[in-house]
Amino acid sequence: MWNYSFAVQSTFILGIILVFYFSLPRLSIRMNRTFVFMLITQSAVIFFDVVSSWADNNYSLMTSSVLYFLNSVYFILFYIRAYASYVFTANVFRVDLILDKVKANLMLIPLAVSILMVASTPWTGIIYTIDAKGYHTGPFYDVLYIISYFYLAASFITMLIYRDNIKKRRYWYSMLLFNAIILAGIICRRAFPTLLLMDTFYLMCVIDVYLTFQNPEFYLDLKGSVFNSSAFRDYIEENNGLLAHRLLGVAIHNYHEMRDIYGATKLDEGIGMIARYLSVTFPSCNVFYYGRGRFMILGPSDMAYEECTAMINKMFDKPWTEENMELYLEVGYVTADLTGKLNSTDAFFNALLLGFSEAERKDDRIPVVVSDVQMAENENEVSVKRALEAAIEGDRVEVFLQPIVDAGTEKVAGAEALCRVRDSKGDLIPPGLFIPIAEKNGRINQLGEQVFEKTCRFVSENDISKLGISWINVNLSPMQFMKPDLAERYEAVIKRYGIDPKVIHLEITEEAMVDDVFLRRQMQAMQHRGFMFVLDDYGVGYSNLTRVKKCSFINVKFDMSIIRDYCKEPDEILPNMILTFKHMNYGVTAEGVETEEMAKMLKDVGCDYLQGYYYSRPLPMSDFAQKYSTF
Ligand code: C2E
Ligand code: MG
Ligand code: MG
């Protein structure tokens, strides 16, 4: 009755996959575990498919209870296999079945009901019956198809809803193929029920998955002896907050120098030896190679650092030798306790890398501790960086305007453009946090240009004289100031908006004034195009009056720390400095004017302009336009 030749061949192929899969170290992550679940159910289904079909063909040799047992086990395994392929799909798409217990249990209900139906079959005969003429299908035999279609539909829906959870496009196509093969299998089984074709189709699925993401070698490094850095990332991301771990990082000092001294081949062999030593010495831990001579031993939360480092130290006290090779290597350590949930695993990886760089510089082999505080700081920095990137890329850097008032009339005369970036919740991040980051990673150029452009747009779209202002100051960071093409770029923007460059005053700090020759050339190039300069934050850092004298600023802004000091304890220094600048024909602005009393004192010493919370905080451009509009 049954022809099981397809199934028997599939068994051999599956056997080869099993041998390959289980002969290499496997990372204990959920996707791998669900793959093992799928492999085991698949093997069991094929086995029982062949055995029960053979028994059904030879029913006269069997007792009916043996036939009932074999067929029932086969049906149950068949249903479980349909469920297993859904679980695998759900895991690839990172639907957290483990965390969302309710959803997981709901998806088990159809499986449980169908298993109960099979279990009742010896008495009810609903799925199949066995009589003197052998095996016959029962009235509810089609449950087999219903279950298969149900889990297949669930897989397709998962693929659609969670399509963005997948890392690579290729994975999506692979899962599409996976589920399409199952669909084809079900259709063929229905068309040719006696051929046991379904096992062959499922085998194709297993091969598809193995080739796309289950080959254990994707996660292995150094000839398969340890896991690689993607394994480390995936493991940490998946177990974040679920398992407590202690981590010991082992770093070879001067990796690149050692590569030059010993040659790449020899050093790689040495690294391989260390990898094998670590995985043999710490069999209960996962050992990862992070590249550049850095290893990671991930153990239980009570792993004894001191004992581990003492053991490893002994190995590094003597050379690593093999045949005609002797490598003298020095080592450093990093430790971290992973107990709670990390908000950002990226921040953790960054903190760890910083820890490694420090460990590689230290001579004492005392572990560098990557603490929660560092991770939190890094987390903050990472989230600020993200917000900054998103704002720059999405043209969402906001510009606020703070009025600068004429000290004589107390009327608004100009404004300063100050940039603002929002975090993911929409709250403002202070520039003090993101400007240093933007300066470090070079993004300050795009950031500054966006502020400049938005300010120019504001000027072109609003008649600023009706707002009572004749200029807007825009900050120019030292790094931007150093760019040789700054003058052309800014001129192009000015021309695009058809505005007068005299309306925009550029604020630079003394930090931008390190190279005298370049400074003068750059300022002349800008001034030639009509831009004017203001010296910002005067009085902090290395103030150098001789240099300031050589440059033609139109205005000097005294930093608020100096203003505050003077208002608290008036002396002769500030008034004299102001006098000096006025002799040089520079206008003088006081920053950080917070009270009426401060405003009066600063007027008395001859400041021309005042800026501060006493007059107004920086306002969004539209609020500024509304507040100062004279109509
Ligand atoms: P800054 O150029 O010296 O700007 C003045 C800062 O003082 C602004 O801080 C302003 O909000 C604040 N301020 C004004 N009045 C008062 C006051 O009465 N009391 C107090 N406590 N503070 C007052 P903000 O906006 O946080 O900006 C900080 C710094 O970030 C700026 O200092 C500037 O160096 C930089 N920055 C802001 N926007 C940009 C930009 O577009 N490009 C560049 N390169 N740097 C910028
Ligand atoms: Mg400024
Ligand atoms: Mg300032």
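Start by selecting Ala417, which is buried, with a relative accessible area of 2%. This is a predicted model. Colour the strands and Ala417 appears in strand S13, which covers residues 412–422.

Next, show what surrounds that residue. Apart from its neighbours within four places in sequence, Ala417 is in contact with Val399, Phe400 and Leu401. The list of its contacts also includes Val451 and Thr455, as well as Ile472, Asn473, Val474 and Asn475. Pick Val474 from that group and check the distance between C-alpha atoms: Ala417 and Val474 are separated by 5.3 Å, although their positions lie 57 residues apart along the chain.

Now move to the metal site and select the magnesium ion (ligand 3). Which protein residues supply its donors? They are Asp536 (OD), Asp537 (OD) and Glu591, the last of these listed twice through OE. These donors lie 2.0 to 2.6 Å from the ion. Along the chain, the donors follow the spacing D-D-x53-E.

Stay with two of these residues, Asp537 and Glu591. Asp537 lies in strand S17 (residues 532–538), and Glu591 in the loop between strand S19 (587–590) and helix H22 (596–604), so the pair ties together parts that are 54 residues apart in sequence. Is each of the two buried or partly exposed? Asp537 counts as partly exposed, at 25% relative accessibility, whereas Glu591 is buried, with a relative accessible area of 8%.

Finally, add the magnesium ion (ligand 2) to the selection. The magnesium ion (ligand 3) is 3.9 Å from the magnesium ion (ligand 2). Select Asp536 to see the residue that coordinates both.

Notes: Residues are numbered from 1 along each chain as its sequence is written. Chains are lettered from A and ligands numbered from 1 in the order in which they are written. This is a predicted model: local features need pLDDT of at least 70, side-chain atom pairs count only at pLDDT 80 or more; totals for chains, interfaces and linings use all residues. Side-chain values use heavy atoms; hydrogens and water are left out. Donors are N, O and S atoms within 2.8 Å of the metal (3.2 Å for Na, K and Ca); water is not among the atoms, so sites may look incomplete. Helices (H or I, at least four residues) and strands (E, at least two) are DSSP runs, numbered from the N terminus. Buried means under 20% relative accessible area, exposed over 50%, partly exposed in between (1.4 Å probe, protein chains only). Contact means heavy atoms within 4.5 Å.
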